[in-house]
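This report goes through one structure, from single residue pairs to the whole chain. Please look at the sequence and the model before reading on.

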Amino acid sequence: MKKTITIFMIVAVSCLLTWTFVQSDSHEQPESAIDESQVILVEYKWNGEPYQISLADLNAAIAELPVYRQQNYKTQADKAEYLEELIEERLKIHRAIDDGFDKLPEHLKKLEDYTNQLMVEKLTEMEVDEKVSYKDEDLMAHYQANLSEYIENEKVRAICITLDDEDLANETLDAIIGGKDITEMAKELSEADKLANGPGTNPDDPGNTYYFTKSASPRWAEFIEAAFQQEVGDMTDTVFEIDVSDETFYLIFRKEEHQPERQKEFEEVRRDVERTVERTKKRERINAWVTEISDRGKLKTYPENIPEPPQPEESESEESQE
């Protein structure tokens, strides 16, 4: 314990002195102009062996952090704070090695598994990712062969007032029929906080449902069907009553726009097509590669040697015999 405390004290003093030295030098020349590996921030000894942490080590450790964490270590003070974490981590590693944790069988097994995983990832990158290629002609061919996958469904947009008070709904409809603009009425009801939670209740644009498809919301299927059947410009001549999740709503709506189903142009879906073609090419290359290495290894399989699991009756019988 005394040994560990002594080391921490040495490191702390060395760290403060060295960092002050770096701070004073930083005014003379930019950090990018110096050899960071020669700027020593920490010196210490463990079991008689000397160790150092340089500015290059510190910056490399920060660069390995997730991007969102790297943003926290931009200034000198922030880097000095992370240096303390780095020192603590290094000392803990030394202590763990002293206690033989680096030779624990379970740790060595995990290390072997991780090493194998990294090797396979690197091999896959070389044998699959780097060998997959495609041209614009391949993308266009896939698009032409799968036009039905790139269809934009018909859509409707309406101005809709959704209320949960039947009397207020009838009064609102009478006012609109009497000449009040439905859009203005939606804004007034929204400002009075009288719109119910449903189509057209966006506080930033009251009444506007924006575009929706026939499958937009099963809960509001009756409203959607009615809106699709309307002609553009038509408005409900009576209050549209609908039950949704044990609640009754009263709707007044006017159909504003109707976009028919259309075929998307290639450039609109190019990125989607490219991702699909790339996945297909990689899958084909993986299959071919697996065949290559299977042939090279003279692979033979015997799945019939896998025993069938015991049936429930057999298990009960064996238990009763025991």
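## A salt bridge within helix 10

The side chains of Asp-272 and Arg-275 form a salt bridge, with N and O 2.4 Å apart. The structure is a predicted model, and the distance is computed from its atoms. Both residues belong to helix 10, where they are three residues apart, about one turn of the helix.

Are these two side chains buried, exposed or partly exposed? Asp-272 has a relative accessibility of 36%, so it counts as partly exposed. Arg-275, at 40%, also counts as partly exposed.

## A network that includes Arg-285

A salt bridge also joins Arg-285 to Glu-292, and here the closest N and O atoms are 3.1 Å apart. Arg-285 counts as buried because its relative accessibility is 15%, and the cut-off for buried is under 20%. Glu-292, in contrast, is partly exposed, with a relative accessible area of 43%.

This pair is part of a wider arrangement. Glu-127, Lys-131, Arg-285 and Glu-292 are linked in a network of salt bridges.

## A salt bridge between helix 6 and helix 10

Which residue forms a salt bridge with Asp-136? The partner is Arg-270, and the closest N and O atoms of the pair are 2.7 Å apart. Asp-136 lies in helix 6 (residues 136–145) and Arg-270 lies in helix 10 (residues 266–296), so the salt bridge ties together parts that are 134 residues apart in sequence.

Both ends of this bridge are partly exposed. The relative accessibility of Asp-136 is 47%, and the relative accessible area of Arg-270 is 24%. In the model as a whole, the count of salt bridges comes to 21.

## How the two helices meet

The axes of helix 6 and helix 10 come within 9 Å of each other and cross at roughly 100 degrees. With that angle, helix 6 is roughly perpendicular to helix 10.

On the helix 6 side, the residues in the contact are Asp-136, Asp-138, Leu-139, Met-140, His-142 and Tyr-143. They meet Phe-266, Val-269, Arg-270, Val-273, Glu-274, Thr-276, Val-277 and Lys-281 in helix 10. Asp-136 and Arg-270, the salt-bridge pair described above, are thus among the residues of this contact. By type, the residues of the contact of helix 6 with helix 10 are seven nonpolar, two polar and five charged.

## A hairpin of two strands

Strand 1 (residues 40–46) and strand 2 (residues 49–54) are another part to look at. The two strands run antiparallel and are joined by six bridges. Across this pairing, Glu-43 in strand 1 stands opposite Gln-52 in strand 2.

Strand 1 and strand 2 form a hairpin, with two residues between them. Asn-47, in the turn, has a positive phi of about 55 degrees. Why is strand 1 described as largely enclosed by the rest of the structure? The reason is that five of its seven residues are buried.

## The chain as a whole

The protein chain has 11 helices and seven strands. Of its 322 residues, 28% count as buried.

The contacts can also be viewed by separation in sequence. Among the contacts in the protein chain with a separation of 6 or more, 64% are between residues 24 or more positions apart.

Technical notes. Residues are numbered from 1 along each chain as its sequence is written. This is a predicted model: local features need pLDDT of at least 70, side-chain atom pairs count only at pLDDT 80 or more; totals for chains, interfaces and linings use all residues. Side-chain values use heavy atoms; hydrogens and water are left out. Buried means under 20% relative accessible area, exposed over 50%, partly exposed in between (1.4 Å probe, protein chains only). Helices (H or I, at least four residues) and strands (E, at least two) are DSSP runs, numbered from the N terminus. Two strands pair if DSSP finds at least two bridges between them. A salt bridge is a side-chain nitrogen of Lys or Arg within 4 Å of a carboxyl oxygen of Asp or Glu. Axes are lines fitted to C-alpha atoms, for helices over the stretch in contact, and angles run from 0 to 180 degrees between N-to-C directions. Angles under 35 degrees count as roughly parallel, over 145 as roughly antiparallel, 65 to 115 as roughly perpendicular and the rest as oblique. Contact means heavy atoms within 4.5 Å. Ala, Val, Leu, Ile, Met, Phe, Trp, Tyr, Cys and Pro count as nonpolar, Asp, Glu, Lys and Arg as charged, and the others, Gly among them, as polar.
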